[in-house]
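Biologist: Please give me a close look at how the aromatic rings pair up here. Keep it informal, and spell out your cut-offs as you go.

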Amino acid sequence: MTGKELAKYRKDAQLTQEEFAERIGLNRASLARIESSEDTVSKSVMHRLGLAFNPPKKESSKFLINYYDIEATATPMEIFNDQTTVPSTKLDLPGFAGCDFAINVAGSSMYPSIESGSMILCKKVNDKSIILYGEVYFIVTNDYRMVKMIRKSTKRGYVVAASDNHNGHDHPDGKTYADIEIPIDKIVHLYLVKGSIKRHNL
């Protein structure tokens with residue numbers, strides 16, 4: 001683009017020299033000098049022109065995760081009676097790429113691994129025949145939802161949903177919350193908990 005062509009571009013945009021110069025970060029005298037020339041406009045000016053009139057589009061994050069404002073219990077099981085299907089918002093959490101959603105945790109049975117009020121990041125398990133024993137999962141049945149560590153059961157076709165919380169009083173094994181035996185075929189949805197984020201009250 002030559003200076004004369006730049007002048008035509010400005011006029012087509014219906015901008016005065018003062019307005020155009022301010023838009024691309026030049027003073028009016030410099031712009032007038034460029035527009036009066038048949039020489040090719042410098043790369044620096046062309047770059048300014050591009051930024052002013054064709055700003056780069058902000059890339060959408062590749063790490064947006066759906067956040068649902070519901071709670072999974074980490075205490076004894078509770079009814080799974082809400083049918084939330086629309087996320088409350090989306091969270092930009094690059095460190096958790098690949099997770100399907102985030103939800104809150106209520107209760108203290110997974111303390112100290114996961115504190116009540118924390119947010120957990122979950123990834124769907126499509127093949128429930130492959131379970132990583134010793135990992136924490138968000139488990140959904142037709143009636144309940146819970147966040148527990150899954151351990152292998154001695155009963156065929158079952159898993160043990162175990163708590164972390166210990167205080168040495170309520171149960172012979174020192175656990176505050178008893179383990180729960182769950183038939184694998186009764187698990188409707190299973191999600192691996194990839195991480196948790198502790199939230200502080202302000």
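Modeller: I'll begin with the chain as a whole, then go through the rings, and finish with a helix pair and two loops.

Bear in mind that this is a predicted model, where local features need pLDDT of at least 70 and side-chain atom pairs count only at pLDDT 80 or more, while totals for chains, interfaces and linings use all residues. Residues are numbered from 1 along each chain as its sequence is written, and side-chain values use heavy atoms, with hydrogens and water left out.

The chain has four helices and 10 strands (DSSP runs numbered from the N terminus: helices are H or I with at least four residues, strands are E with at least two). Along the sequence the order is α-α-α-α-β-β-β-β-β-β-β-β-β-β. Of its 202 residues, 38% count as buried (under 20% relative accessible area; exposed is over 50% and partly exposed is in between, with a 1.4 Å probe and protein chains only).

Now the rings. Searching the whole structure turns up seven aromatic pairs (Phe, Tyr or Trp rings, the six-membered one for Trp, with centres within 6.5 Å; planes under 30 degrees apart are stacked, over 60 edge-to-face, the rest tilted). One of them is Tyr-9 with Phe-53: the ring centres are 5.6 Å apart and the planes sit at 85°, so this pair is edge-to-face. Because Tyr-9 belongs to helix H1 (residues 3-12) and Phe-53 to helix H4 (residues 43-53), the pair ties together parts that are 44 residues apart in sequence. Tyr-9 is partly exposed, at 30% relative accessible area.

Next come Phe-101 and Tyr-191, an edge-to-face pair with 4.8 Å from centre to centre and 80° between the planes. This pair links distant parts of the chain, with Phe-101 in strand E4 and Tyr-191 in strand E10 (residues 187-197), 90 residues apart. Phe-101 counts as buried because its relative accessibility is 10%, and Tyr-191 counts as buried because its value is 12%. Together with Tyr-68 and Phe-138, these two rings form one aromatic cluster.

A charge also joins in elsewhere: Lys-155 lies over the face of Tyr-158, 4.2 Å from the ring centre (the rule is NZ of Lys or CZ of Arg within 6 Å of the centre and within 35 degrees of the ring normal).

Back to H1, which has another partner. The axes of H1 and helix H3 (residues 28-35) come within 7 Å and cross at roughly 120° (axes are lines fitted to C-alpha atoms, for helices over the stretch in contact, with angles from 0 to 180 degrees between N-to-C directions). H1 and H3 are therefore oblique to each other (under 35 degrees is roughly parallel, over 145 roughly antiparallel, 65 to 115 roughly perpendicular, the rest oblique). On the H1 side, Gly-3, Lys-4, Leu-6, Ala-7 and Arg-10 meet Leu-31, Ile-34 and Glu-35 of H3.

Finally, the loops on either side of E4. Ser-109 sits between strand E4 (101-106) and strand E5 (119-124), and counts as buried because its relative accessibility is 0%. The side chains of Ser-109 and Lys-148 are joined by a polar contact of 3.1 Å. Met-110 is found in the loop between E4 and E5 and counts as buried, at 0%. Gly-98, in the loop between strand E3 (89-92) and E4, is partly exposed at 44%.

Note on methods:
A polar contact is a pair of N or O atoms within 3.5 Å; within protein, one must be able to donate a hydrogen and the other to accept it, and residues adjacent in sequence count only if both atoms are side-chain atoms. Contact means heavy atoms within 4.5 Å.
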